[in-house]
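Me: I'd like to learn how to read the strands and loops of a chain like this one. Could we go through it together?

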Amino acid sequence: MTPLFISVLLAAMCLECRAQKDNVLQAKGEETAAAGGTVTLGCQYESSLTAPSLFWYKQDGNNSPKFILSRVSRDDGNTADEFKERFSSTLDSSIRSVPLKIQKLQLSDSAVYYCALQPTVTGNTKTLYKNLWSKDNRILHNIH
């Protein structure tokens, strides 16, 4: 039997960042793992705030990004009900990291995952699509 592989693309964003110091970095552009396994998606951040809020989103196909979870300190934050069982994250302010761990991988987990730093609540969703679409609306990354 051929194993199924899950592939995720990573994208980073910062909504209305106040200075160049406020940003997120997802060094690996793509992760591949076997169905049933576990994958951890890395996210490093820089912020001028002492207690920044970090967010993870999932976008599959042409759908809008979907909120997974937020973290304001360690395990403190909010996780959407549909992700509570298999998705987790712990914010480590000492190394400025907020990795997303996905357990019991399923084919439906193949998607683009966004790590986001949002120092202010803006409602701005325009930058969510910044790295995904070309000017002529062709998709830039194929998700498989």
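Reply: Gladly. Two strands pair if DSSP finds at least two bridges between them; helices (H or I, at least four residues) and strands (E, at least two) are DSSP runs, numbered from the N terminus. This is a predicted model, where local features need pLDDT of at least 70, side-chain atom pairs count only at pLDDT 80 or more, and totals for chains, interfaces and linings use all residues. Residues are numbered from 1 along each chain as its sequence is written, and side-chain values use heavy atoms, leaving out hydrogens and water.

Me: How many helices and strands does the chain have?

Reply: The count is 0 helices and 11 strands.

Me: In what order do the strands of the open sheet lie?

Reply: Three strands make up this open sheet, ordered E4-E10-E9 with antiparallel pairing. Strand E4 (39–41) and E9 are at the edges with a single partner strand each, so one side of each has no neighbour in the sheet. On average, neighbouring strands here are turned by 25° against each other, direction ignored; the axes are lines fitted to C-alpha atoms, and angles run from 0 to 180 degrees between N-to-C directions. Between E9 and E10 there are 3 bridges, and Ser 89 has Leu 100 in E10 as its bridge partner.

Me: What joins E9 to E10 in sequence, and is Ser 97 buried or exposed there?

Reply: Buried means under 20% relative accessible area, exposed over 50%, and partly exposed in between (1.4 Å probe, protein chains only). Ser 97 sits in the loop between strand E9 (87–89) and strand E10 (100–102), and it counts as buried because its relative accessibility is 8%. For the chain, buried residues make up 39% of the 144 residues.

Me: Which residues does Ser 97 touch?

Reply: A contact means heavy atoms within 4.5 Å. Leaving aside residues up to four places away in sequence, Ser 97 touches Cys 43, Gln 44, Tyr 45, Thr 90, Leu 91 and Asp 92. With Gln 44 there is also a side-chain polar contact of 3.5 Å.  A polar contact is a pair of N or O atoms within 3.5 Å; within protein, one must be able to donate a hydrogen and the other to accept it, and residues adjacent in sequence count only if both atoms are side-chain atoms.

Me: Where are the hairpins with E7?

Reply: E6 and E7 form one with 6 residues between them, and Gly 61 in the turn has a positive phi of about 55°. E7 and E8 form another with 2 residues between them, where Arg 74 has a positive phi of about 35°.
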